[in-house]
Amino acid sequence: MSDGLWRSKAGHAVLWQVATVGLVVALGYVMVSNMLDNLASRGIASGFDFMSSTAGFGIATSLIDYDESSSIGRAFLVGLLNTLMVSAIGIVLATILGTAIGIARLSSNWLLARIAGAYVEVLRNIPLLLQIFFWYFAVLRTLPSPRGSHAVGNAVFLNNRGLYLPGMETGPAFWTMVAVAVLLVTLPVVRRRLGGIIAWGGGAALIFAACLTVKWSLPVLTGFNFRGGMVLSPEFVSLLVALSTYTAAFVAEIVRAGIQAVPRGQVEAARSLGLSPRDVMGKVVLPQALRVIVPPLTNQYLNLTKNSSLAAAIAYPDLVSVFAGTALSITGQAVEMIALVMAVYLAISLSIALGMNLYNRAIALKGG
């Protein structure tokens with residue numbers, strides 16, 4: 001191909017790309033202008049000034065101080081934190097449970113393997129919304145009142161008002177030590193410079209020291225309800241259990257496929273060295289299987305985070321329920337609120353994907 005012909009085709013390709021981008025921008029401008037004109041004709045103001053107005057509604061579950069006199073912006077923050085909390089805990093639980101079930105499916109114990117297989121087939125084929133309803137209406141709402149709570153010692157109580165646990169009061173020192181411990185254990189660069197044993201030992205020591213700064217309080221039945229400690233609402237528990245167990249079924253299949261992708265010779269070589277079955281799995285199989293497991297596992301983490309928006313079905317105050325539900329009905333700023341919620345979920349998903357991609361790169365084989 002001559003240089004002139006190649007340049008001509010390259011020029012045409014660039015021209016078409018510029019024209020496509022221009023068309024998309026023009027269409028976007030027309031749509032936004034039309035939307036603003038329609039809002040103005042109906043007397044609806046655009047913008048985000050409403051974020052500073054008084055919310056005027058309560059939120060049952062909040063990780064920060066909030067009441068009816070708080071602003072809508074603070075209500076947005078409450079809903080966001082509730083979404084992040086249930087998503088983060090759900091990801092951890094789904095990973096642990098899914099990994100255990102995936103390994104159990106490959107067990108030589110016939111009964112254990114069949115139970116794990118039944119778990120996977122049943123839970124992943126029932127719609128998640130129905131599972132949320134099951135845990136909320138058929139399990140937690142049928143529990144006894146606080147006076148008839150199911151108790152574990154004198155510290156944990158379960159009733160139709162939620163799960164009551166020992167509460168802890170933490171300060172800046174606690175979270176600083178926890179953050180440093182997490183960095184010591186999770187960052188490959190830190191582990192390489194300090195050494196794995198030192199990093200893990202330092203992390204464990206910091207966690208222990210952080211626990212010493214915590215003040216604990218136990219829930220105590222006073223009158224018709226418990227006082228002290230902390231309570232997980234039935235809505236939170238139902239959503240968390242449903243999200244974790246449902247996602248764990250898919251994680252189990254990913255783990256099983258990753259383990260089976262490890263060459264059989266690796267397992268036989270490890271056994272010939274006298275390693276125990278636990279060491280074979282933990283030191284030989286799983287580290288190699290991670291390279292197959294991590295990419296599809298990322299999709300499950302993203303799905304769990306987005307599926308948390310089903311919380312609105314049982315009135316758990318997540319971002320969608322609080323901001324795109326209650327606050328939207330009060331302000332009527334549908335365009336801004338929905339756009340903001342979509343942007344937040346997009347940012348969360350991209351952050352999870354970025355973190356998992358960095359981890360996948362860290363464990364990838366180096367060199368050719």
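This passage walks through the nonpolar cores, a surface patch, the strands and the salt bridges of a predicted model.

Start with the inside. The largest nonpolar core counts 60 residues. Phe-57, Ile-72, Leu-239, Leu-319 and Phe-323 are the ones with the most contacts inside this core. Quite a few helices chip in: at least two residues each come from helix 2 (72–105), helix 4 (128–139), helix 8 (234–260), helix 9 (264–272), helix 10 (277–307), helix 11 (319–331) and helix 12 (334–363). Helix 8 gives the largest share, with 11 residues. Leu-319 shows what such a spot looks like up close. Leaving aside residues up to four places away in sequence, Leu-319 touches Phe-76, Gly-79, Leu-80 and Thr-83, and also Ala-324, Val-341, Val-344 and Tyr-345. A second core, of nine residues, sits apart from the big one, and its members include Ala-116, Tyr-119, Ala-248 and Ala-249.

Not every nonpolar side chain is tucked away, though. In soluble globular proteins, nonpolar side chains tend to be buried together. Here, Trp-110, Leu-111 and Ile-115 make up a nonpolar patch on the surface, and together they offer about 370 Å² of accessible area. Ile-115 belongs to helix 3, which covers residues 110–123. With a relative accessible area of 51%, Ile-115 counts as exposed, because the cut-off for that label is over 50%.

Next come the strands. Strand 1 (residues 150–152) pairs with strand 2 in the antiparallel sense, over three bridges. Ala-151 is found opposite Phe-157 of strand 2 in this pairing. The hairpin made by strand 1 and strand 2 has three residues between the strands, and Gly-153 takes a positive phi there, near 65 degrees. Strand 2 then carries on to strand 3 by way of another hairpin, this one through two residues. Strand 2 and strand 3 (residues 162–165) run antiparallel as well, joined by three bridges. On that side, Phe-157 has Tyr-164 of strand 3 as its bridge partner, while Leu-158 is partnered with Leu-163. Phe-157 therefore has a partner in the pairing with strand 1 and another in strand 3, given that pairing rests on bridges found by DSSP.

Strand 2 (residues 156–159) also has two distinct faces. Phe-157 and Asn-159 point to one face and are buried, whereas Val-156 and Leu-158 point to the other and are not. Moving on, strand 3 is linked in turn to strand 8 (residues 230–232), again antiparallel and with three bridges. Leu-165 is opposite Met-230 of strand 8 in that pairing.

That leaves the charged side chains. The model holds four salt bridges. One of them joins Arg-105 to Glu-253, with the closest N and O atoms 2.5 Å apart. Arg-105 sits in helix 2 and Glu-253 in helix 8, so this pair ties together parts that are 148 residues apart in sequence. The two partners do not share the same surroundings: Arg-105 is partly exposed at 24% relative accessibility, whereas Glu-253 is buried at 15%. The pair is also part of something wider, since Arg-105, Glu-253 and Arg-256 are linked in a network of salt bridges.

Helix 8 turns up again in another pair. Glu-235 and Arg-141 meet in a salt bridge through their side chains, at 3.3 Å from N to O. Glu-235 lies in helix 8 and Arg-141 in the loop between helix 4 and strand 1, so the contact ties together parts that are 94 residues apart in sequence. Glu-235 is buried, with a relative accessible area of 14%, while Arg-141 is partly exposed, at 38%. Finally, the side chains of Arg-124 and Glu-121 form a salt bridge, also listed at 3.3 Å from N to O. Neither of these residues is buried: Arg-124 is partly exposed at 29% relative accessibility, and Glu-121 is partly exposed at 37%.

Note on methods:
Residues are numbered from 1 along each chain as its sequence is written. This is a predicted model: local features need pLDDT of at least 70, side-chain atom pairs count only at pLDDT 80 or more; totals for chains, interfaces and linings use all residues. Side-chain values use heavy atoms; hydrogens and water are left out. A nonpolar core is a set of buried Ala, Val, Leu, Ile, Met, Phe, Trp, Tyr and Cys residues joined through side-chain atoms within 4.5 Å. Buried means under 20% relative accessible area, exposed over 50%, partly exposed in between (1.4 Å probe, protein chains only). Helices (H or I, at least four residues) and strands (E, at least two) are DSSP runs, numbered from the N terminus. Contact means heavy atoms within 4.5 Å. Patches are made of residues with over 30% relative accessible area and no salt bridge: like charges are joined within 9 Å, nonpolar side chains (Val, Leu, Ile, Met, Phe, Trp, Tyr) within 5 Å. Accessible areas come from the Shrake-Rupley method with a 1.4 Å probe; for residues, only the protein chains shown count as cover.
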